Amino acid sequence: MNVRRGAVLLPLLFLFHAGPAWSAPAPGAAPSGAQPLTLHAALRRVLARHPLVRAAEAEIEAARGLDVQARQWASPQLSYHYSTPTKDAALSELFEFPGKRALRAEAAELTVRQAEQQLRATRAALAFQTRQAFYHLLLMDREVANAKATLAAVDRIRRAAAARYRAGDAARLDVVKADLSRARARQALRVVRGQRKVAVISLNVLLGRPMAAPLHVQGRLTAAPAAPGFHALLQEAYAQDPALASARLEQQKRDRDLALAKRQKFPNLDLSASYGVEDGVQTPGFTASIGIPLPGAYHGEVETATGRKLAAVAGEQAAYYQVTEAVASAYQQWLADQAQVRSYQTHLLAESAQVLAGAQASYRAGETGILNVLDAERTNLQVQQAYAQALYQRQIAVAKTILARGGVQ
């Protein structure tokens, strides 16, 4: 070893083994004075304030109003006629055949319950969107941290190459290659910072905040529950899914509509009491009238109600298929993502770090060129990015199983 090469060996050792030149914040860390947002807080805010939730709640109130109307008796009719020398007044009331009003009231109550299921479906969909946006921002925080770490590493490699070039132990081309890699690392950092801004906008919109407002989240991509049994998930979805529950209610409502249509062959009774005065003579009166249902109209209503009942039955079956497919797809994706995460945790991350360490050691020993170190650094970044993406995809699979079960937890 010549004197000049030995003179730069200690600085090289320091550059490769020293920590990053920047102080990386913890994932989701907020600047001083700011309160980071947790997933629980984000869900609570979105589900309490989002306009779609308020709209669904208003639909429930509207359905309850229709329910109240359906339970009322027909409004009495009061009439008064005056002309010289005649004056008369009448009061009439329509009495439906027994059971008709009760069936309409039951159908209206089922409509209220359907509106409640629509609120549950809206909340579940918003909870999924919130989870997706929240974990995407966590992913971007991790990507920014990885990009910063890579840039710092490339800077150290560039300084080492420059030191070796000045010592006469490396060619100028090594410095040029390091400069190119540093430019790429800076560009990659700019890209992920831009992607983080997009993620902030997405979550801010859900939260009802200004789009460009600073936002910092607190959580861990690595935190995920163990996958439960598939059949337990499926039974839970059958019992809780709002779309399936609404389809069942629709079938029950069509049952009432069909029963009401069949009762239309029974006439209603219209009673009227009157009192008149003509030429000083008082003339009280009483009238009873019955509407005669025409067979064509009656059979048409029954056929229409029967068709809607069959459509509701098919709709319930379709809802079962959709829930089954959604749960199975999300569950299988969960298992696949879990296996991928484990593969990174058990060997891929360690192998990538080992390859990088080996390339650095070979370069320090003068056995290989700088290109090997830069390639190993780039590969290590790609592995870290793929690992972060696998963690994110697993969180989305978990969120999809919650959505498929109609939950917001």
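## Surface and overall form

The chain exposes about 22400 Å², and carbon and sulfur atoms supply 58% of that area. Keep in mind as you look around that this is a predicted model. Of the 409 residues in the chain, 37% count as buried.

How does the radius of gyration of the chain stand against that of a compact globule of 409 residues? The globule would come out near 22 Å, but the chain has 37 Å. The C-alpha trace spans about 140 × 45 × 30 Å along its principal axes. Nine helices and six strands make up the list of elements in the chain. Among contacts between residues at least 6 apart in sequence, 80% join residues at least 24 apart.

## Helices H2 and H4

Helix H2 covers residues 39–49, and its buried residues are Leu39, Ala41, Ala42, Leu43, Val46 and Leu47. What do these buried residues pack against? Their partners are strand E1 (37–38), helix H3 (51–70), helix H4 (100–167), helix H5 (172–207) and strand E4 (217–218).

Helix H4 is also where you will find Val144. Its relative accessibility is 10%, so Val144 counts as buried. Leaving aside residues up to four places away in sequence, Val144 touches Leu189, Val192, Arg193 and Arg196. For a sense of distance, try Val144 and Ala232: they are 88 residues apart in sequence, and their C-alpha atoms are 39 Å apart in space.

## Salt bridges

How many salt bridges does a search of the whole structure find? The search finds 16. One of the pairs is Glu236 with Arg405, whose closest N and O atoms are 3.3 Å apart. Glu236 lies in helix H6 (residues 230–240) and Arg405 in the segment after H9, so this pair ties together parts that are 169 residues apart in sequence. Glu236 is partly exposed because its relative accessibility is 29%, while Arg405 is buried, with a relative accessible area of 9%.

Helix H7 (residues 242–262) holds both Glu250 and Lys253, three residues apart, which is about one turn of the helix. Their side chains meet in a salt bridge at 3.6 Å, N to O. Glu250 also meets the side chain of Arg254 in a salt bridge, here at 2.8 Å, N to O. Arg254 is in helix H7 as well, four residues from Glu250, again about one turn of the helix. Glu250 is partly exposed at 21% relative accessible area; Lys253 counts as buried at 13%, and Arg254 is buried at 19%. Elsewhere, Asp155, Arg158, Asp179 and Arg182 are linked in a network of salt bridges.

## A buried arginine in H9

Now visit Arg394, which is found in helix H9 (residues 370–404). Which side chain of opposite charge is nearest to Arg394? That is Asp337, 7.7 Å away; Arg394 is buried yet has no salt bridge. A salt bridge needs a side-chain nitrogen of Lys or Arg within 4 Å of a carboxyl oxygen of Asp or Glu.

Where, then, does a polar atom of the Arg394 side chain lie 3.0 Å from a backbone oxygen? The oxygen belongs to Thr222. Not counting residues up to four places away in sequence, Arg394 touches Leu221, Thr222, Ala224, Trp334, Asp337, Gln338 and Val341. Thr222 and Asp337 are thus both among the residues that Arg394 touches.

Notes. Residues are numbered from 1 along each chain as its sequence is written. This is a predicted model: local features need pLDDT of at least 70, side-chain atom pairs count only at pLDDT 80 or more; totals for chains, interfaces and linings use all residues. Side-chain values use heavy atoms; hydrogens and water are left out. Helices (H or I, at least four residues) and strands (E, at least two) are DSSP runs, numbered from the N terminus. Buried means under 20% relative accessible area, exposed over 50%, partly exposed in between (1.4 Å probe, protein chains only). Lys and Arg count as positive and Asp and Glu as negative; His and the chain ends are not counted. A polar contact is a pair of N or O atoms within 3.5 Å; within protein, one must be able to donate a hydrogen and the other to accept it, and residues adjacent in sequence count only if both atoms are side-chain atoms. Contact means heavy atoms within 4.5 Å. The radius of gyration is taken over C-alpha atoms; the globule rule is 2.2 Å times the number of residues to the power 0.38. Accessible areas come from the Shrake-Rupley method with a 1.4 Å probe; for residues, only the protein chains shown count as cover.
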